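I set out to record, entry by entry, what I looked up in this structure. The notes are meant for a reader who has not met it before.

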Amino acid sequence: MRRRTRRGLVTATLVGLVAALLPLAGVAAAGPVYINEIQVSTTSTDWEFFELQGAAGTDLSGYTLVGVESDVGSSSGRIDRAISLSGETIPADGFWVAMSPAAVTAYGTSGDASISNNTFENSTATYFLVT
């Protein structure tokens, strides 16, 4: 009886571990995705964008761009912004860009997705790409 219980526990642990790692396997298989460039806090209406770099065809579902408050004070460390990239895919050139309407005007081009003007904080902040 004790041997059967131990084997069952080991099997359940392994099944749980594999189930927990399966979502990560899909993300890692395509290769790493990086924040390549980010533009925040410009004069007047912010012409903001962020650009990710990764292997062409990488599914960005499961990735989120997170902005964390970095000013000294009681709100330090608080999440200011979380932008889900669900349904997005890195195009053939390996660069995916989200742009505000002001950035589209300033750069004379459009990105792969749109973000609102003044999406990002105009003081100190830290940005992470998380899965």
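The entries below go from the overall layout to single residues.

**Entry 1. Layout.** I noted at the outset that this is a predicted model. I then listed the secondary structure and found two helices and seven strands in the protein. Read from the N terminus on, the order of the elements is α-β-β-β-β-β-α-β-β.

**Entry 2. Whole-chain values.** I looked up how much of the protein is covered: of its 131 residues, 27% are buried. The exposed surface comes to about 8100 Å², and carbon and sulfur atoms supply 57% of that area. I also checked the contacts with a separation of 6 or more; residues 24 or more positions apart account for 62% of them.

**Entry 3. Strand 2 and its partners.** I turned next to strand 2, residues 49-53, and asked which strands pair with it. Strand 1, residues 34-39, pairs with strand 2 in the antiparallel sense over five bridges. Strand 5, residues 95-99, is also joined to strand 2 by five bridges, and these two run antiparallel. I followed one residue across both pairings. Q53 of strand 2 is the bridge partner of Y34, and in strand 5 the bridge partner of Q53 is F95. I then asked how many of the five residues in strand 2 are buried. The number is four, and I recorded the strand as mostly covered.

**Entry 4. The nonpolar core.** I looked for the largest nonpolar core and found that it has 15 residues. The members that touch the most other members are F50, L52, L60, I83, L85, W96 and F120. Strand 2 and strand 5 are the elements that give two or more residues to this core. As general background, I noted that nonpolar side chains tend to be buried together in soluble globular proteins.

**Entry 5. L85.** I selected L85 from the core members and listed its contacts, leaving aside neighbours within four places in sequence. L85 is in contact with F50, L52, L60, S61, Y63, W96 and L129.

**Entry 6. Salt bridge.** I searched for salt bridges, and the count came to one. It joins the side chains of D80 and R78, with an N to O distance of 2.5 Å. I asked whether its two residues are buried or exposed. D80 has a relative accessible area of 27% and is therefore partly exposed, since buried means under 20% and exposed over 50%. R78, at 45%, is likewise partly exposed.

How values were computed:
Residues are numbered from 1 along each chain as its sequence is written. This is a predicted model: local features need pLDDT of at least 70, side-chain atom pairs count only at pLDDT 80 or more; totals for chains, interfaces and linings use all residues. Side-chain values use heavy atoms; hydrogens and water are left out. Buried means under 20% relative accessible area, exposed over 50%, partly exposed in between (1.4 Å probe, protein chains only). Two strands pair if DSSP finds at least two bridges between them. A nonpolar core is a set of buried Ala, Val, Leu, Ile, Met, Phe, Trp, Tyr and Cys residues joined through side-chain atoms within 4.5 Å. Contact means heavy atoms within 4.5 Å. A salt bridge is a side-chain nitrogen of Lys or Arg within 4 Å of a carboxyl oxygen of Asp or Glu. Accessible areas come from the Shrake-Rupley method with a 1.4 Å probe; for residues, only the protein chains shown count as cover.
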